[in-house]
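Here are my notes on the model you sent over. I went through the helix packing, then the pockets and the cavity.

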Amino acid sequence: MKRIIALLLICLLVCSGTTVFGNDNLNLSHDEEYMVNVILSNSNVEVFPTDSYSILDIAGNPTYICVEFNTPDDKQGFGIIDLCSYDVVMYTLASDIPFSSEDIIVYDGGLQFARINNDGSATVLNTGTIISADLLFDKNYIRSYVVSDDIKFERINQEIDLLNNNQVRSSEVLINGGSDTTLVYSAGNNSSPWTTDCGINAAAIFLRHMDNYFDNNYVPNTQNTENSLKIALAARAHSLLGHTTSLTMDEIASLANSYMDAYSGSGVSHVTNRTYSWLKYYLRIMNGLGMPCILCIEAGTTSYWSSAHAVVGVGYTSGATATSGYIIVNSGWISLGYVYIGTSIPSYIIY
């Protein structure tokens, strides 16, 4: 394992992107310039890169670039570029960046990150769980070659053309409560004596969001804090399903329905797990007049990353389509907050 870590360190030093000092957008690397233009095009926010560096996929290859930046209102954010497709796969405009260029980070493409430690262990950043670093990697996981500088330049020019042609997607479509930071819970255990993960967390966020902004019949006053609501959901999952971690989307839907039957009665509609499509999501958000939903983001293929991640959808960037733009989700990770991911990324949707 020490040899693997040493090789990864060498690879990261060779493959790291250009670091930009100062709060201006001069002398940016291709990756930083692309990130700036994508965010400006989609969110109408001009960000100012401060650092960029490689992170690893689950094969151990540096096929992602992380670009850190400041925003005009003095907040920090970052985005991830997939070097195989040269897409910005996610970005967040206001978060405490949970890692730095000094760390060896593994990203599974599903909003899950892990830091490799010097002792051969790894820390899963959204839960704080420490596992063997061997669980992060899959030697059979193969990705395409990274794109050339010519393709990067072409993609940058495409974004610039959008801006020059006044096709800026200059607003974001959010449902009521879609930017409420008090609804960003922590995906890890907050439900003693049970261990829980993102399934319980997503159900809790969804129910609390519905209660706060759409119908105060969803959550009783005795359970209106994160801790009390997640304890109640964990107890119900333990009784109903026999487990409180690695819930499937069908199980999350069943859990939410069981909770609503107990506390909301006939005043609310049951939710159903469905195969995701952009059209279903778009109609659920309904130009900002709709309601939240629970989304499943698939993970990688190793023994650890085989667990998918559940988030709560709250909006999208205006002008988004099935192949462009971003949906906006409550990440279920308190250090990420609200995150922008591609409109084609989710695999299932609960509403």
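1. A quick word on handedness before the helices: a crossing is right-handed if the near helix is turned clockwise from the far one by less than a right angle, and left-handed if the turn is anticlockwise. Keep in mind too that this is a predicted model.

2. Let's start with H4 and H6. Helix H4 covers 198-213 and helix H6 covers 249-263. They pack at an angle of about 45 degrees, with axes 10 Å apart, which makes H4 oblique to H6. H4 passes H6 in a right-handed crossing. On the H4 side the contact uses Gly199, Ile200, Ala203 and Leu207, and these meet Ile252, Leu255, Tyr259 and Met260 in H6. By class that gives 7 nonpolar residues, 1 polar and no charged.

3. H6 has another partner, H5 (residues 226-240), and here the angle is about 110 degrees, again with the axes 10 Å apart. That puts H5 roughly perpendicular to H6, because angles of 65 to 115 degrees count that way. This crossing is right-handed. From H5 come Leu229, Ala232, Leu233, Arg236, Ala237 and Leu240, and from H6 come Ser254, Leu255, Ser258, Tyr259, Ala262 and Tyr263. The split is 9 nonpolar, 2 polar and 1 charged. If you flip between the two contacts, look for Leu255 and Tyr259: H6 uses them towards H4 and also towards H5.

4. Next, H2 and H3. Helix H2 (residues 30-43) packs on helix H3 (residues 149-164) at about 25 degrees, and their axes are 9 Å apart. So H2 is roughly parallel to H3. Their crossing is left-handed. H2 brings His30, Asp31, Glu33, Tyr34, Asn37, Val38, Leu40 and Ser41 to the contact, while H3 brings Asp149, Lys152, Phe153, Arg155, Ile156, Glu159, Ile160, Leu162 and Leu163. Sorted by class, this contact holds 8 nonpolar, 3 polar and 6 charged residues.

5. Which residues lie nearest the centre of the largest pocket? They are Asp87, Val88, Val89, Gly342 and Ile345, out of 31 that line it. The volume of this pocket is about 610 Å³. H2, strand E4 (87-92) and H3 each give at least two lining residues, and H3 has the largest share with 4. The lining divides into 11 nonpolar, 12 polar and 8 charged residues.

6. The second largest pocket comes in at about 490 Å³. It is lined by 24 residues, and Asp197, Cys198, Thr245, Ser246 and Ser307 are the closest to its centre. H4, H6 and strand E12 (309-317) each supply at least two residues of this lining, so this is a good place to look again at the oblique pair, H4 and H6. By class the lining has 9 nonpolar, 14 polar and 1 charged residues.

7. Last, the enclosed space. How many cavities of 30 Å³ or more does the structure hold? There is 1, and about 30 Å³ of space lies in it. Its lining is made of Val89, Met90, Tyr107, Gly109, Leu111, Ile297, Ile341 and Ile345, of which 7 are nonpolar, 1 is polar and none is charged. Val89 and Ile345 may ring a bell: both line this cavity, and both are among the residues nearest the centre of the largest pocket.

Notes: Residues numbered from 1 in each chain as written. Predicted model: local features only at pLDDT ≥ 70, side-chain atom pairs only at ≥ 80, totals over all residues. Heavy atoms only, no water. 1 Å grid on protein atoms, 1.4 Å probe; cavity = no way out; pocket = protein on both sides within 12 Å on 5 of 7 lines; lining within 4 Å. Points joined across faces, edges and corners; volume = space filled by probe spheres on them. Nonpolar A, V, L, I, M, F, W, Y, C, P; charged D, E, K, R; others polar. Axes fitted to C-alpha atoms, helices over the stretch in contact; angles between N-to-C directions. Parallel < 35°, antiparallel > 145°, perpendicular 65-115°, else oblique. Contact = heavy atoms within 4.5 Å.
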